[in-house]
Amino acid sequence: MKWVTAGITFVNLSVVCGLLLGLVGRGLNTASAALALVCGAAFAIAAFLGTRDSAVRPTSAGGPATEKKPRKPSGSGDAKNAIPSTLMRYQSVWFWAVAVCFAAFALRSFCWLLYIDGSELKIQSPNNLGDLSLHVTLIKNFANGVALWPDNPIFVSSKLRYPAGIDLFNGLLLLVHIDLLIGLVWVGLLSSLAIFYAFYRWGGTFAVAGFLFNGGIAGFQFFKTFKFLDYQGTAADIAHKPIAWKSIALSMLVTQRGWLYAVPAGLVLLWHWREKFFTQSPVAEIGSSAVALAKADDPGPVAGVGDPGQPVAVNAPSYRKGPLPWWVELSIYASLPLFHLHTFIALTIVLVVGLFFERATEIKFIVNLVRHEGMAGAAFIPATFFVWLTTDQFRAASVMKWHPGWAQDSTELGAPFFRLGPKDWGSSTGPGVLLQKTWNGVIAPFFQFWLPNFGLWVPLALVLVGMCVWRIWKGKWRWGDRPPADIACVIAAVVIFGFGYFVQTAPWDWDNLKLMVWGYFLILPFLWSDIIGRWVFPERAVMCLLLFGSGFVTLLGGLSAGHPGFGLIERARLDRVGTALRPLPMDARFAAYPTFNQPVLLQGRKAVLGYPGHLWTEGFDYGKTNDQLTALMNGAANWRDAAKALNVHYIFWGQDEKTNYQSSTHPWEATAFLVASGDWGAIYALSKPAPQH
């Protein structure tokens, strides 16, 4: 994990240094971007040298780890028969099968993320037309040297309300003359490599497969159609049977770039905390590689899970130095809000659950908290600052609300295949109301939403939770005792799931999956070590086929759906608009038609409104603003007043504007100065009158 930690630190502290330099200098330039990257590289070298890694050799798909035995004195016979440790570590055929699938996914998804095809810019993923356009806007906006933290380029009168850390990193690369397309490709590929290895170290091959092939039963429609389609994504949407449990790789990692940093960063922190707090627990039986990491230079006891059939062994709180240097742990955790707010919330819940295991006895608890959990306290100020930045000074907090049920009651996602109820039991008495609420709120959603979406993952997770509860009860666990890693992680996963189930954290209820998926990541190692890994091979093979088959079909279908690609915009049109915009002030706001491939936005400039889908997911009530923009672009009698209210400096009149404002009288042609024009359209400056002829 030394290389993964170094890479995460490089991205993390390059972005933080770039942000600080941009705040001080009122924007970034080539020199400040280069300095930020050099600082990030220096911190990365220090993180690499300071990280202590364990030596493990996992066996089959996430199976038990084998402690590395002490070396025998070297001799000729040993030299001939020796197998390199790095080769032995990855000898499993299942490991290589999943590795090939992961490599195919990464290469197909990111080498064709945004690419040139003749005269067009195209993308591979049909889900990415809107999302990638926003990321290109933000990258170009940062690289344009705007004052940080920037105004929102897609909504007037607002600061940027988005955790755009990874886009700021690509903006730094663009400023030091690394081409946008090349930067997008390499950030995606290297992040995929880090994600693969981090999942492997967190939960073995089973955890990697769980990330890549997540699914329920939707993908088994393959046996009806005999076609590889994205049955959890686009194919389900076309069939009007949308699935909430979409492919994580296709619907999140490829489209929402914050995950490229958040997933490996979060897994490194989870790995660090497991090593720090659970590697001194003596157990009679070593569990899986996901939980037991044996050290070559430390023959002492290692952490793991005991036999799930035995009572839990509890331990008095003790602390050891984890594999990450303290400052690396602090920097990764504290800066997470700058990259992915939902991951920050999930890992904060993990920390809070960890603190729950400490006995809160007056002064002793406070002293222990400061001495041993100082990271959480030290991270409070920078983390709060980054949350303040990325939520438009906490204004975006208004999107959070009490909303039990997640998406199970959604008219769009609640019943993808069939609907049970609602039932009216015809009784207004207490038992009748209770029965009705139980049916409509628990039983019906369980069969019509949870099982179709998640399949066998639901009963397996419930069994794992039940096993942990039984072990806690039989082991007579008391507050202040520390349970094994599997129980601690399962408890944290339940809390994360509960928070996402009851509290809506974004305008679209599906977005809660960005939080709840961390509960899924937490239990993956222990589903294998405590349940599946203890079965005989045929049973394990059948269960893995049922768990991963749907996701495998969906992944192949999603990757093939992008052939021959989806057009984003004509290159010549984008370049000519960029040439026309170059001499205009970077802080100018443009009136233009709000669409995902608006060339003004793709050049990193500010528009009155961006794509409505982005505005809605960021919590903006844009109805009144859209009415004012429409009045302006249609040339209404009060168009000047509308322009002033929207702080518009320039009007962009191009192909989309001509198509969508056909009734416009475009009065600015006679009253405003024509800045530039061509076959791409025209730009008018409202602050300067048209020349008199």
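Q: Which residue in β4 is the bridge partner of I116?
A: Let's start with the strands, keeping in mind that this is a predicted model. β3 and strand β4, which covers residues 120–123, pair in the antiparallel sense over four bridges. I116 takes part in this pairing, and its bridge partner in β4 is L121.

Q: What is the order of the strands in the open sheet of three strands?
A: The pairing in this sheet is antiparallel. β3 (114–117) and β7 (566–570) stand at the edges with a single partner strand each, so one side of each has no neighbour in the sheet. Neighbouring strands here are turned by 35 degrees against each other on average, direction ignored. The order is β3-β4-β7.

Q: About how many degrees does the direction of helix α6 make with that of β7?
A: Helix α6 spans residues 128–143 and packs on the sheet. The strands it touches are β3, β4 and β7. Taken against β7, its direction makes an angle of about 40 degrees.

Q: Which helix lies across β3, β4 and β7, running at about 35 degrees to β7?
A: Here we want a helix that lies across three strands, with β7 as the reference for the angle. The one that fits is made of residues 571–581. That is helix α23.

Q: Which strands stand at the edges of the open sheet of five strands?
A: This sheet has mixed pairing and the order β9-β8-β10-β12-β11. An edge strand has a single partner, so one of its sides is left without a neighbour in the sheet. The strands in that position are β9 (606–607) and β11 (672–678).

Q: Which residue in β12 does G678 stand opposite?
A: β11 and strand β12 (residues 681–689) run antiparallel and are joined by six bridges. G678 lies in β11, which covers 672–678. Opposite G678, in β12, stands G681.

Q: At about what angle to β10 does helix α26 run?
A: Helix α26 is formed by residues 623–633. It lies across β8 (589–591) and β10 (650–654). Relative to β10, it runs at about 70 degrees.

Q: What percentage of the residues of the chain count as buried?
A: Stepping back to the whole chain, there are 29 helices and 12 strands. Its accessible surface comes to about 29,300 Å², with 65% belonging to carbon and sulfur atoms. A residue counts as buried when its relative accessible area is under 20%. Of the 693 residues, the share that counts as buried is 55%.

Note on methods:
Residues numbered from 1 in each chain as written. Predicted model: local features only at pLDDT ≥ 70, side-chain atom pairs only at ≥ 80, totals over all residues. Heavy atoms only, no water. Pairing = 2+ DSSP bridges. Helix = DSSP H or I, 4+ residues; strand = E, 2+ residues; numbered from the N terminus. Axes fitted to C-alpha atoms, helices over the stretch in contact; angles between N-to-C directions. Contact = heavy atoms within 4.5 Å. Buried < 20%, exposed > 50% of the residue type's maximum accessible area, 1.4 Å probe, protein only. Areas by Shrake-Rupley, 256 points an atom, 1.4 Å probe, with all protein chains shown as cover.
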